[in-house]
Amino acid sequence: MAAGGEVTLSSADRVLFPDDGITKGDLFAYYEQIAPMLVPHLRNRPFTMKRYREGIAGDGFFQKQAPKGMPSWIPTRRFTTHPRDGGAREVDFPLVDSPEALLWMVQMHCIDMNAWYSRVDKPQRPDFVLFDLDPPDDGFDLTIDVAHLIRELLDELSLPGYVKTSGADGIHVVAPITRRSTYQQTYAFAEQASRVLEARHPGLVTTEWLKRKREGVLVDHRQNGSGKTIASVYSVRPKPGAPVSTPLRWDELRKGITPRDFTMEVALDRCAKHGDLFAPVLEDPRPLAPAARALASLG
């Protein structure tokens, strides 16, 4: 961070979570305390602002382009994006590389912190494969079962997996990889792994995108595409109760827990007790190619 960076919080009393009375000041205080754990997971990653000026009762909106008036000490990097309506667009993405940059995003009404899977020096080389688990209605216990099945499959492939609540309704299982593989390769790996699990556990695991046709827990490999973002570990999510995307030890992922159990206070207490359970995602990547070969041999 450049010298002189500081953030002044305004409208601290603005209520962002109306059913809970949680204010912008409460959110700011949480991110200020969690920053040492969170910022390493955001550093050097193109960041997409998701802003909730009226709190979670209003409509949030995404903003990729760094806004005018953003402090000069928050760096940016320019990348070409491809909007859904076609064409190409040059975008200057903010980089949340410091606690102060994180707090500035809160000042701009960002509730959760969304960044790319890759870093700016190798933008087409993701750091991890993501298994994004989307439960059926009232099916979080089933999602816990499927997360453990993913872990067992990754163990078969000698690729460690780490788990966190998404903070919304599902679960994220992350397999950190060395930055040699492309997004196309991680997408293909996640798709094949998901289909292996679907074949092994019909009715429990599905790759069916349409919810009305779905039976079981969706393992969504599509989230591994280039330019996708993930709500970072330790992000507060724009849901009632302000749940946090919280890393867990595998033995803690058991039936009876819910995403709403993991509040800002709980997340801070867990970090004080356990440190960053997602540190291996940054520190212990494994090559994907041997795991992909092993997966292909499963048929």
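This report describes the largest pocket, the cavities and one helix pair of a predicted model.

## The largest pocket

The largest pocket of the model has a volume of about 1500 Å³. Its lining is made up of 49 residues, and those closest to the centre of the pocket are Phe62, Arg84, Gln223, Lys228 and Thr229. Divided by class, the residues of this lining comprise 18 nonpolar, 17 polar and 14 charged.

Two or more residues of the lining come from each of the strands β3 (47-51), β4 (61-63), β5 (76-81), β6 (89-94), β7 (114-116), β8 (128-134), β12 (217-220) and β13 (229-231). The most is given by β8, which supplies four residues to the lining of the largest pocket.

## Enclosed cavities

When the whole structure is searched, two cavities of 30 Å³ or more are found. The largest cavity holds about 160 Å³ of space, and of the 14 residues that line it, His41, Phe128, Ile230, Ser232 and Val233 lie nearest its centre. At least two residues of this lining are supplied by each of α1, β7 and α6 (279-283), and the lining as a whole consists of 10 nonpolar, two polar and two charged residues. The strand β7 thus has a part in the lining of the largest cavity and also in that of the largest pocket.

The second largest cavity, with a volume of about 40 Å³, is lined by Tyr234, Thr246, Pro247, Ala267, Arg270, Cys271, His274, Gly275 and Leu277. Helix α5 (residues 264-274) gives the most to this lining, namely four residues. By class, the lining of the second largest cavity divides into five nonpolar, three polar and one charged.

## Packing of α1 against α2

Helix α1 (residues 24-42), which also contributes to the lining of the largest cavity, has an axis that comes within 8 Å of the axis of helix α2 (residues 99-107), and the two axes cross at roughly 140°. Because of this angle, α1 counts as oblique to α2, given that the roughly antiparallel class is kept for angles over 145 degrees. The crossing in which α1 passes α2 is right-handed.

On the α1 side, the residues that meet α2 are Lys24, Leu27, Phe28, Tyr31, Glu32, Ala35, Leu38, Val39 and Leu42, while α2 brings Pro99, Leu102, Leu103, Val106 and Gln107 to the contact. Sorted by class, the contact of α1 with α2 holds 11 nonpolar residues, one polar residue and two charged residues.

Note on methods
Residues numbered from 1 in each chain as written. Predicted model: local features only at pLDDT ≥ 70, side-chain atom pairs only at ≥ 80, totals over all residues. Heavy atoms only, no water. 1 Å grid on protein atoms, 1.4 Å probe; cavity = no way out; pocket = protein on both sides within 12 Å on 5 of 7 lines; lining within 4 Å. Points joined across faces, edges and corners; volume = space filled by probe spheres on them. Nonpolar A, V, L, I, M, F, W, Y, C, P; charged D, E, K, R; others polar. Axes fitted to C-alpha atoms, helices over the stretch in contact; angles between N-to-C directions. Parallel < 35°, antiparallel > 145°, perpendicular 65-115°, else oblique. Left-handed = near helix turned anticlockwise from the far one by under 90°. Contact = heavy atoms within 4.5 Å.
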